[in-house]
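Here are a few friendly notes to read alongside the model. Keep the structure open and find each residue as you go.

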Amino acid sequence: ARGRDYVPVLQAGANLAASGAAGVVTMSLSGWDTHNNQGAENGTLAGRLRQLDEGLAAIKDTMGSKWERTAVLVTTEFGRTVRVNGSRGSDHGTGGAAFLLGGAVNGGRMPGDWPGLAQSALYEDRDLYPANDLRALFKGVLRDHLGVSNSDLHRSVFPGSKSVSALDGLV
């Protein structure tokens, strides 16, 4: 989905989950590879983030009382540089972002390591340091929320990832 299409797409996924037709729904939202005029309030990235916010609110509203048993994981495909580039945007970087929300989530904290944004904490003097493996986040949610065994996580879901431990206490 692109731009203003995010909300209906996220709403459709929520409708599937709320109806019981699907226990797990995955969606991909494109249009995030912006490099210029991203804007804090009115730029391209700001608009995408606003649509994501409205779409996540629509999921919560659609789920109704099922929201209490819902976990939503939002991740990025790639990171961004910390500093703004010459065209008022950002370039591809190393560390990315992830959000975990829902009524089933033990929230109010940042799981994993947060290296910060101080100059001394940056990776290659430009990027958010990749301190956490996203597979650990996925593994924690899949194990604790959906009951997927650690052996299945290591063998079938993320083959060759036995060295990556699931984050505990997420849901």
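1. Let us begin with a term that we need throughout: a residue counts as buried under 20% relative accessible area, as exposed over 50%, and as partly exposed in between. Tyr129 has a relative accessible area of 41%, so this residue is partly exposed. Please keep in mind that you are looking at a predicted model.

2. Now to the aromatic rings. A pair of aromatic rings is described by the distance of the centres and the angle of the planes. How many aromatic pairs does a search of the whole structure find? The search finds three. One of them joins Tyr123 and Tyr129, with 5.8 Å from centre to centre and 70° between the planes. That pair is edge-to-face, because planes over 60 degrees apart count that way. Tyr123, like its partner, falls in the middle class: its relative accessible area is 29%, so it is partly exposed.

3. A second pair to find is Phe138 with Phe158. Their ring centres are 6.2 Å apart and the planes stand at 55°, so this pair is tilted. The two rings come from distant parts of the chain, 20 residues apart: Phe138 belongs to helix α3 (residues 134–146), while Phe158 is in the segment after α4 (150–157). Is Phe158 buried or exposed? At 18% relative accessibility, Phe158 is buried, because the limit for that class is under 20%. Phe138, at 28%, is partly exposed.

4. Stay in the segment after α4 for a moment, where you will also find Ser161. Its relative accessible area is 0%, so Ser161 is buried. Which residues is Ser161 in contact with, leaving aside neighbours within four places in sequence? They are Arg135, Lys139, Leu153 and His154.

5. Next, have a look at the surface. Val82, Met110, Trp114 and Leu117 make a nonpolar patch there of about 420 Å². Trp114, one of these four residues, sits in the loop between β4 (98–101) and α3. With a relative accessibility of 49%, Trp114 is partly exposed, because exposed means over 50%.

6. On to the charged side chains. The count of salt bridges comes to seven. Among them is the one between Arg80 and Asp33, at 3.3 Å from N to O. This pair also links distant parts of the chain, 47 residues apart: Arg80 is in strand β2 (residues 79–80), and Asp33 is in the loop between α1 (6–19) and α2 (44–63). The partners differ in class, because Arg80 is buried at 17% relative accessibility and Asp33 is partly exposed at 43%.

7. Finally, follow Arg143. Its salt bridge with Asp144 has the closest N and O atoms 2.6 Å apart. Arg143 also meets Asp168 in a salt bridge, here at 2.7 Å from N to O. Arg143 is in helix α3 and Asp168 in the segment after α4, so this pair ties together parts that are 25 residues apart in sequence. Through shared partners, these salt bridges join Arg143, Asp144 and Asp168 into one network. As for accessibility, Asp144 is partly exposed at 32%, whereas Asp168 is exposed at 57%.

Definitions and conventions. Residues numbered from 1 in each chain as written. Predicted model: local features only at pLDDT ≥ 70, side-chain atom pairs only at ≥ 80, totals over all residues. Heavy atoms only, no water. Phe/Tyr/Trp six-rings, centres within 6.5 Å; stacked < 30°, edge-to-face > 60°. Buried < 20%, exposed > 50% of the residue type's maximum accessible area, 1.4 Å probe, protein only. Helix = DSSP H or I, 4+ residues; strand = E, 2+ residues; numbered from the N terminus. Patch = residues over 30% accessible without salt bridge, like charges linked within 9 Å, V, L, I, M, F, W, Y side chains within 5 Å. Areas by Shrake-Rupley, 256 points an atom, 1.4 Å probe, with all protein chains shown as cover. Contact = heavy atoms within 4.5 Å.
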